[in-house]
Amino acid sequence: MQPNPITYRTKLGDKDIIIETGKLAGQAGGSVVIRQGDSQIFCAATLGNVREGLDFFPLTVDYEERMYAGGKIPGSFFRREGRPRDEAILIARMADRPIRPLFPEGMRNEVQVILMSLSADTENPLDTLCINATSASLMISDIPWAGPIGAVRIGYIDGELVVNPTFSEMEISKLDLIVAGTKQAIAMVECGANEVSEQVVVEALDLAHQAIQPIIELQEQMAREIGKKKRDLELGSMDEDLLTEVKSRVSEPLLEILRKPYVKEEFYQGVRDLKETLIDELTADKADALSEAELKALKKGVGDAFEETEKEVIRNRILRDRARPDGRKPEDVREIWCEVNTSPRAHGSGLFTRGETQVLTLATLGTPREAQELDNLIPTETKRYMHHYNFPPYSTGETGRLFQSRREVGHGMLAERALRPVLPEEKDFPYTMRLVSEVMSSNGSSSMASTCGSTLALMDTGVPIKRPVSGVAMGMIKEGENYVILTDILGMEDHLGDLDFKVTGTSEGITALQMDIKISGITTEIMSEALEQARKARLYILDRMLAVIDQPRPDIKDHAPRIETVKVPVDKIGAVIGKGGETIRSIQEETGTRIDIDDDGTIFIASTDGVGYKAARERIERLTEQVEVGHIYTGKVVRITDFGAFVEVLPGQDGLVHISQLDTSHVNKVTDVVSEGDEITVMVTNIDNQGKIRLSRQALLEGWTLEEAQQHDSQGNKGGGRPRSRRR
């Protein structure tokens, strides 16, 4: 029997949002189709069983970007979707981050959320729809979850904040802010900005939280009316008696470790030794009385209680004494040192070190042809600036596999977004730019070190960026009304804290912001304070960077490709390319250059030496030059007729020298003066409305002006004979 779907409607900003359920994927735990305009996202959320041996919550969120949604066939060899592109991974991460903290503590059942594009209209973005679809499917499912959440995009156009803008509106927006939150608080922020102020960002966050209330209320209504009963799950819990005993034993030893001068490896080794000693002490006398499984469970319980105690001790010390694990005050930045030109053959390089976090960023310049082509469902088709982030295991003193995780994709995109607003326009700097950040050592804030390293590398390359960009990672510890905002957080402070947000910007304003809030109750006042503390830190870090290189180098390095542009008429592009690309290939081979041609007639010539570029430019100009009346050309005779000779004055362009214009005296036969293959110099006397070119050799022999040549040629044509000559 055909199902009877249920439809719900609300508004997000001034646009209709439609959520439908009951037609697709009836066996999933919860499934919905969400629609705005002609953009549609399907989402299914399903609960699985407990995976044995896991000590974490196995949640997976995947976004499957289907090209049919935009009426496209995938561009791969197999013509089917393969591994998700970076933008799809980022959308999945954005859907994951705000929902994850709302699952019950101790949950170990697998939860899988699968998002899929069904329709993309290129006006209404799919990313915020994915977040809202994820929340709605969880709300009506049998999965225990403390939602709902809502998500919205905020733009900043002509000095006004705009709720839920379209792609076309975003083209002129100075702000691209995505916010997800619950009814009470903001939970996640992803932002790119064109140097906007902290005040504008705070106002946008406040507006976003107001804007998501209708879609949150709609999901609450859906849960009441059609939501399934939530499953009763067995959740892991802490043994309170064991926790009390562990606290009494290790709280003071932990404080002793924290009071010592901080060295990361020594600190972690001290904590590991204390934990292992505790486990041995609390399990040694019970080993004979317990089975292997029971003993393993007891050891795990002691370990969990130790980690909970460690978290409490460190947090309380920060809140009570404003003392951080490495001895810094809350607003202090770790020691910084920088270097440029670390790699002599890379086109640019920057080494940024802050405390025990170190990132080496290397830049490569390429031609426009090397821009990344995007096979996606958004209007952007190419990308000329790319940033890639690598986090090898040695950066934390460990061993492991080398692979690109979702985290690496996210950190790379954050640094890319941070620098994009300050890059020069393509017409001013016609290069493709690829930056790679290699994390050499990490103890927190490696993504922000990548941003700083990218700025150094770009300036070392000679890229004329508008202004240098720096970044800092901020955190917060909060208990009740008491809170401490932390600048330049360590990895431990990120793990134990309640807030993680990263801010990048110039001296003029913010360029990117990423935030995850792990608790409720973050007020606008706290956000304003945190952003101001981050601004001071950004400017301090920027000063340390500018002490090494204070502006982009005036020129790119000798071994980097130099790209110059030549503009030719669109109808001359074919002449440059030649039959089957023969002409452009020969120019590149003979001059040692690389040549790219845009549809508008802009030609990019890349060369590592000026000689090759000059030769290529001359060839192109010769190929595309327009014949002009009055100009003098030396060309080859390509055809002989009874009435004159046809001379190729420019490649592919020939004109007629009438027999009456071949010499200063009467000519009986054309071949008495010229033969096919001869080179002669002629003046262009006329180009008619059909493009036929009239040439005169006599004009040069007589020394005539253009007007005189045109007059004599006209008289000769009227009389049918040779015009009277007159020497000057």
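**A three-stranded sheet, a bent helix and selected residues**

Six bridges, given here as 6, join strand S22 to strand S24 (residues 602–607), and the two strands run antiparallel. The model in which this pairing appears is predicted. Within the pairing, Glu564 stands opposite Ile605 of S24. Strands of a sheet pair through backbone hydrogen bonds, in either a parallel or an antiparallel manner. In the present case the sheet is open and has 3 strands in the order S22-S24-S23, with antiparallel pairing. Strand S22 (562–567) and strand S23 (594–597) form the edges, each pairing on one side only. Neighbouring strands of this sheet are turned against each other by 20° on average, direction ignored. Helix H15 (residues 610–624) lies across S22, S23 and S24, and it runs at about 155° to S24.

Helix H6 offers a second region to examine. What separation of its ends should be expected for helix H6, residues 240–259? With 20 residues at 1.5 Å a residue, H6 should span 28 Å, and its end C-alpha atoms are indeed 28 Å apart, so expectation and model agree. H6 nevertheless bends by about 40° at Val250, and a proline, Pro253, follows within four residues. At the N-terminal end, Asp239 acts as a cap of H6: one of its side-chain oxygens lies 3.0 Å from the backbone nitrogen of Asp241. The buried residues of H6 include Leu242, Leu243 and Val246, and also Val250, the site of the bend. Further along H6, Leu254, Leu255, Ile257 and Leu258 are buried as well. Helix H7 (264–283) and helix H8 (292–321) are among the elements that cover these buried residues.

The next residue to consider is Ser349, found in strand S12 (residues 348–354). Is Ser349 buried or exposed? Its relative accessibility is 0%, and therefore Ser349 counts as buried. A polar atom of the Ser349 side chain lies 3.1 Å from the backbone nitrogen of Ser343. Neighbours within four places in sequence aside, Ser349 is in contact with Glu339, Val340, Asn341, Thr342 and Ser343, and also with Thr361, Leu362, Leu456, Ala457 and Asp460.

One of these contacts, Asn341, lies in the loop between strand S11 (336–340) and S12. Its phi is near 60°, a positive value in a residue other than glycine. Asn341 has 40% relative accessibility, so it counts as partly exposed. Asn164 also has a positive phi, near 55°, in a residue other than glycine. Asn164 is placed in the loop between strand S8 (160–163) and helix H3 (167–170). With a relative accessible area of 2%, Asn164 is buried.

Another backbone feature concerns a peptide bond. Gly147 and Pro148 are joined by a cis peptide bond, with omega about 10°. Pro148 belongs to the loop between helix H2 (127–139) and strand S7 (150–157).

The last residue is Asp16, in strand S2 (residues 15–21). Its relative accessible area is 45%, and it is therefore partly exposed. The side chain of Asp16 makes a polar contact of 2.9 Å with the side chain of Lys11. Once neighbours within four places in sequence are set aside, Asp16 is in contact with Thr10, Lys11, Arg35 and Gln36. Asp16 and Gly37 are 21 residues apart in sequence, while their C-alpha atoms are 7.5 Å apart in space.

How values were computed:
Residues numbered from 1 in each chain as written. Predicted model: local features only at pLDDT ≥ 70, side-chain atom pairs only at ≥ 80, totals over all residues. Heavy atoms only, no water. Expected span 1.5 Å × (residues − 1). Bend = angle between axes of the 7 residues up to and from the residue. Buried < 20%, exposed > 50% of the residue type's maximum accessible area, 1.4 Å probe, protein only. Contact = heavy atoms within 4.5 Å. Polar contact = N/O pair within 3.5 Å; in protein donor to acceptor, adjacent residues only side chain to side chain. Pairing = 2+ DSSP bridges. Axes fitted to C-alpha atoms, helices over the stretch in contact; angles between N-to-C directions.
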